[in-house]
Amino acid sequence: GDYSSKLGFNAGAALGYNFGNFRLEGEVAYHRNEMDEITQNSALVTCPPNCVAPINGSISAISYMINGYYDFHLTNSGLVPYLGAGLGAATVIVNDKQLSGNNDNIVFAYQIAGGVGYKINPKITLTAGYRYFATTESEFDVSGLVGPGASTVFTEVESHEIMVGLRYQF
């Protein structure tokens with residue numbers, strides 16, 4: 001089946017090095033969404049195919065990423081557009097009262113980003129941008145959630161994130 005979620009949040013911190021136009025950083029971030037409903041489209045579930053059921057829980061990911069960014073220093077206005085990408089790992093956690101067994105997995109994660117920074121002064125930059133974050137497939141025991149014969153589901157985390165941040169350069 002497919003699940004949908006409500007708006008969520010992301011918080012993170014990064015430490016890196018600026019090589020001029022290129023920046024490299026290590027980042028740890030927390031991503032969380034409340035799950036809203038699940039559309040079950042399997043013959044193994046107890047309801048008719050394609051039925052929608054409410055689900056009471058959350059899905060979150062703690063990501064550990066290595067990111068690279070390219071800054072486009074185009075004008076003297078203080079605005080600096082950027083593009084970036086990252087690779088790493090994420091611990092995906094599903095919280096639902098009906099789940100049994102293991103409810104977290106460590107999987108491969110990746111992200112792409114773009115946005116603009118505004119230099120408040122030579123040390124502080126205010127940033128705003130977009131990021132697509134995703135993981136590979138996680139496996140969860142759902143023997144208490146779905147009908148007979150089914151005990152495992154696989155899920156991927158995908159999120160479209162609007163980011164606002166503050167960057168300090170030492």
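N18 is partly exposed in this predicted model, with a relative accessible area of 28%. The residue belongs to strand β2, and its C-alpha atom is separated by 9.3 Å from that of Y69, although the two are 51 residues apart along the chain. Y69 is itself buried, as is Y82. The notes below take up the overall fold, the two tyrosines, the glycines of β6, the core and the largest pocket.

**Overall fold**

- The protein has ten strands and zero helices.
- Read along the sequence, the order of elements is β-β-β-β-β-β-β-β-β-β.
- The protein has 170 residues, and 35% of them count as buried.

**Y69, Y82 and other aromatic residues**

- The structure holds eight aromatic pairs.
- One of them joins Y69 and Y82 in an edge-to-face arrangement, with 5.8 Å from centre to centre and 80° between the planes.
- This pair links distant parts of the chain: Y69 sits in strand β4 and Y82 in strand β5, 13 residues apart.
- Y82 also has a charged neighbour, R23, whose charged end sits over the tyrosine ring at 5.8 Å from its centre.
- A separate entry concerns Y17, F19 and F22, which form one aromatic cluster.

**Residues of β4 and β6**

- D71 is placed in strand β4.
- D71 counts as buried because its relative accessible area is 3%, under the 20% cut-off.
- From D71 to G117 the C-alpha distance is 8.9 Å, while the two are 46 residues apart in sequence.
- Strand β6 contains G114 and also G115.
- G114 is buried, at a relative accessible area of 18%, whereas G115 has 24% relative accessibility and counts as partly exposed.
- The two glycines fall into separate classes because buried means under 20% and partly exposed covers the range from there to 50%.
- G114 lies 6.6 Å from R131, C-alpha to C-alpha, with their positions 17 residues apart in sequence.
- G115 and Y82 are 5.5 Å apart by C-alpha atoms and 33 residues apart in sequence.

**Nonpolar core**

- In soluble globular proteins, nonpolar side chains tend to be buried together.
- The largest nonpolar core here has twelve residues: M35, I59, A61, M65, A90, V92, V94, V107, A109, F133, F140 and V157.
- Strands β4 (51-71), β5 (79-96) and β6 (104-119) each supply at least two residues of this core.

**Largest pocket**

- Rolling a probe the size of a water molecule over the atoms shows where empty space is left.
- The volume of the largest pocket is about 1300 Å³.
- Its lining comprises 49 residues, and E25, E27, Y69, R131 and M163 are the ones nearest the centre.
- Y69 therefore takes part both in the edge-to-face pair with Y82 and in the pocket lining, where a residue counts if it has an atom within 4 Å of a pocket point.
- By residue class, the lining divides into 22 nonpolar, 17 polar and ten charged residues.
- Six strands each give at least two residues to the lining: β1 (2-5), β2 (9-18), β3 (22-40), β4, β7 (124-135) and β10 (158-168).
- Among these strands, β10 gives the most, with eleven residues.
- Strand β4 supplies at least two residues to the pocket lining and at least two to the largest nonpolar core.

Technical notes: Residues are numbered from 1 along each chain as its sequence is written. This is a predicted model: local features need pLDDT of at least 70, side-chain atom pairs count only at pLDDT 80 or more; totals for chains, interfaces and linings use all residues. Side-chain values use heavy atoms; hydrogens and water are left out. A nonpolar core is a set of buried Ala, Val, Leu, Ile, Met, Phe, Trp, Tyr and Cys residues joined through side-chain atoms within 4.5 Å. Buried means under 20% relative accessible area, exposed over 50%, partly exposed in between (1.4 Å probe, protein chains only). Helices (H or I, at least four residues) and strands (E, at least two) are DSSP runs, numbered from the N terminus. Rings of Phe, Tyr and Trp (its six-membered ring) pair if their centres lie within 6.5 Å; planes under 30 degrees apart count as stacked, over 60 as edge-to-face and the rest as tilted. A charge sits over a ring if NZ of Lys or CZ of Arg is within 6 Å of the ring centre and within 35 degrees of the ring normal. On a 1 Å grid over the protein atoms alone, a cavity is a set of points where a 1.4 Å probe fits but cannot get out, and a pocket is an open set with protein on both sides within 12 Å along at least five of seven lines; lining residues have an atom within 4 Å of a point. Grid points are joined across faces, edges and corners, and a volume is the space filled by probe spheres set on the points. Ala, Val, Leu, Ile, Met, Phe, Trp, Tyr, Cys and Pro count as nonpolar, Asp, Glu, Lys and Arg as charged, and the others, Gly among them, as polar.
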